[in-house]
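The following exercises train the reading of a protein model. Each task is followed by a solution that goes step by step.

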Amino acid sequence: MLSNKCYHCGKTCITNKICINNFFFCCYGCLTIYKIFNKYNLFKFYELNKNPGISPEKTNNFYYLDTENIYKNIVYYYDNNITIVKFKIPSIHCSSCIWLLENLNKIENKILKSTVNFTKKNVNITYKNSFYKLSDLAKLLTKIGYKPSITYGDINNKKINNNNYLLYKIVISFFCFGNIMLLSFPEYLGSNNDEWFIKNKIFFKLIKFILSIPIISFSSIDYFQSAFLCLKHKYLNIDIPISIGILVLYFRSIYEIIYNIGSGYFDSLSGLVFFILLGKYLQLKTYKYLSFENNYKYYYPIYVTRLINNLEETILISNLKKGDDIIIKNNEIIPADSILMDGLAMIDNSFITGESNIKEKKLGDYIYAGAKQKGGMIKLKIIKNVNKSYLNNLWINEAFRNKKKTINIRLNLVSKYFTILILIISLISGIIWYYKNINRVFEIISSILIVACPCGLALSTPFIFGNVIHILGKKGFYIRDISIIERISKITYIIFDKTGTITEIDKSNIKYFGQKLDNDKKIKIISLLKNSNHPLCKIIYNKFSYIKSHEIIPVTYFEENPGKGIKGLVNGIEIKAGKYSYISRYKLINKKKDTKVFISFEKKKIGYFLIKNYYRNKLQLILKNIGNKYKILIMSGDNDKEKKYLKSLLPYKSKLFFFQSPMDKLNKIKNLQKIGEKILMFGDGINDSLALKQSDVGIVISNNNSFCQNCDIIMDASSFEEIPRFLKYTNISSKLVLISLIISIIYNLIGLLFAITGHLTPIISAILMPLSFISVIIFSILSTWITAYKLHII
């Protein structure tokens, strides 16, 4: 038998005339969307969930979005070819929505990329703006049932505080709760036999009923809407038992008033909603306070070179201000919207747009934050203050979309089945109490549904891991998000790069051998080296730090070949620095296997810099501590002269590989992962970019580095000695999450026991429910801080 429910949105079909391929549709709008999906082979949308669609609204006139002032305020990025915009889509509700919105490019070829933030109900869309307007994009979204919500705040770049809406609900519920309690006092005090009270009893009940209407229609509406959406799309969340509990009390109270068999439970109902909302507000405020995104991440160890009166200083990007002049080197990310003041800017916007086309910029051109310089050093003027959250979003959203976030999958399953269990227990308890004391059935059911709220289960992971990230962030160990901590707990293999990772740049010994360098040649060499962030270039550059910045010569046609060397034109002279094979056609037999950086002028070798590494303090002890739990591997692009010394530092069975190119490092990691190893890699973020991205966890050691996107963790070099403690702390935190879950389950079981046996009223249950949340907070804070204290992290 054919279903009379709409195949697209699930609504009941008024007529059976709108039909295609034996599928019925409630309107021609849903049929049109189905035809679009059919045309572009997007049937997976219907496979992920049953009836997952939204009935399309009437297409609005979005032409105002193409007005220049509005357009510039709404979009995040635009140039002659590409536009990036973020729309809020309130109708996003399930995995089918996410899948469809992230496959918009199959419907419209002008759309290059779209990514969904499910929790915030946002979609970021990158599209080609030639012959495709912002209004066209908004119309397309509306046509397929995902109308964008565009508010005054969006157009005027003003944030609207939605927390006030919750406060209004709390205030109204408190007003109703307080007055209903006052009207209920005569009954509490045993005035049922008082003639005046008996005479006005109906009036009291009517007033309580009227006061309960705002509780149901306004204060509780979010729970009902959430529960309805969940049931419609056949999945469960905690709002379902809460909504059932509220509605049971409400309709039971109306029933008692109509048939004059009691005063109802309006006092319990209003108190229940008030305390639930109060707990929710407390939860949001606490989570905001503990949110690592709003606290320490403004102080990443990410540096930029600022110019003041032609003198250079290295500062944190958090100290950068509008109007500052900065220097950006090859492969550095531009931290704020800027204007090009000097130099040849070859800008790669792939980090922003996803496209790797490199564009040349002229003096005075606008350059967006997040762009990367691919070439020589340039000078910029900051025209907007640093948007730290923007850089953070780039790091979170773009760097590792290929790494699956497995966190909370197990937790969501626990919460889901816990909710099913509570509904079953409520039903069985209601049947038992129906025969035991029918007058208490609804009260018992409501108490069970409320007290067993699994909010503690849902909060255990984010609160504990969030606090761990907060604590470690203050110690220079900056973790991208909470999913990384779970990944660290599964690590089996740790890989270290050598130069700039286990060696210290500032303390390396350096000597020059070759043709005598006059001041002119020194300036030319330093002018070239200054354009690179490679550790060896920094070591040599620091040796000649006495050369004034105004003496530096601009470099043109700068190129950096990872693992080999750099080159560029300095006053028309081609200068190269790097391995001997890079500057010469002939092969050098380096019997001593020293670390050397060769220099050539116009393809003629003039000499080389001999560099002796200085290994980090307590390296042997660090490797020994780590080696007790993990396998260790050191990979270096350098020669193997120090192999014997390094082997003496490493635990038994540790491995060493030298002469490794960036691709060699990448392939080594892939091969280890194929045999089931989970890899954590420490690198400098330059030559190790590919390997860091491939690793299960990639950690960049910051030696005054610029922003690095290809990592999960940024660690200040000064915290290197703390690596064993940091790893141990993250592993213990995973066990703390398990303990917190057990505490939450025990708390719920005890509450259930009292509710089932009739020792809890709904209002007491509502007071106890936030205590579950509070107990998780207290345990999270105390356990993480005590653990950090015992490990001497704080």
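A salt bridge is a side-chain nitrogen of Lys or Arg within 4 Å of a carboxyl oxygen of Asp or Glu. The model is predicted: local features need pLDDT of at least 70, side-chain atom pairs count only at pLDDT 80 or more, and totals for chains, interfaces and linings use all residues. Residues are numbered from 1 along each chain as its sequence is written, and side-chain values use heavy atoms, with hydrogens and water left out.

**Exercise 1. Salt bridges around R306**

Task: Determine which residues are linked with R306 in a network of salt bridges.

Solution.
Step 1. E313 forms a salt bridge with R306, and their closest N and O atoms are 2.7 Å apart.
Step 2. D324 also forms a salt bridge with R306, here with 3.2 Å between the closest N and O atoms. D324 lies in the loop between strand 8 and strand 9 (325-328), and R306 lies in strand 7 (residues 303-308), so this pair ties together parts that are 18 residues apart in sequence. Strands (E, at least two residues) and helices (H or I, at least four residues) are DSSP runs, numbered from the N terminus.
Step 3. For accessibility, buried means under 20% relative accessible area, exposed over 50%, and partly exposed in between (1.4 Å probe, protein chains only). R306 is buried at 14%, D324 is buried, and E313 is partly exposed at 30%.
Result: R306, E313 and D324 form the network. The structure holds 12 salt bridges.

**Exercise 2. The open sheet**

Task: State in what order the six strands of the open sheet are arranged.

Solution.
Step 1. Two strands pair if DSSP finds at least two bridges between them.
Step 2. The order is 8-7-9-15-10-13, with antiparallel pairing. Strand 8 (311-316) and strand 13 (366-367) are the edge strands, each pairing on one side only.
Step 3. Within the sheet, strand 10 (residues 338-342) and strand 15 (residues 378-382) are joined by four bridges. For D342, the bridge partner in strand 15 is K379.

**Exercise 3. The buried side of helix 24**

Task: Explain why the buried residues of helix 24 are on the same side.

Solution.
Step 1. Helix 24 (residues 662-674) has 13 residues and reaches 19 Å from its first C-alpha to its last, close to the expected 18 Å. The expected span is 1.5 Å times one less than the number of residues.
Step 2. The buried residues in helix 24 are P662, K665, L666, I669 and L672. They lie on the same side of helix 24 because they cover an arc of only 130° around the axis. This arc is that of the directions from the helix axis to the C-beta atoms.
Step 3. An α-helix has 3.6 residues a turn, so residues three or four places apart point the same way.
Step 4. The cover over these residues includes strand 17 (493-497), strand 24 (631-635), strand 26 (679-683) and helix 25 (689-694).

**Exercise 4. A salt bridge after helix 24**

Task: Identify which parts the salt bridge of E677 and K631 ties together.

Solution.
Step 1. The closest N and O atoms of E677 and K631 are 2.6 Å apart.
Step 2. E677 lies in the loop between helix 24 and strand 26, while K631 lies in strand 24, so the pair ties together parts that are 46 residues apart in sequence.
Step 3. E677 is buried, with a relative accessible area of 10%, whereas K631 is partly exposed at 43%.

Methods
Contact means heavy atoms within 4.5 Å.
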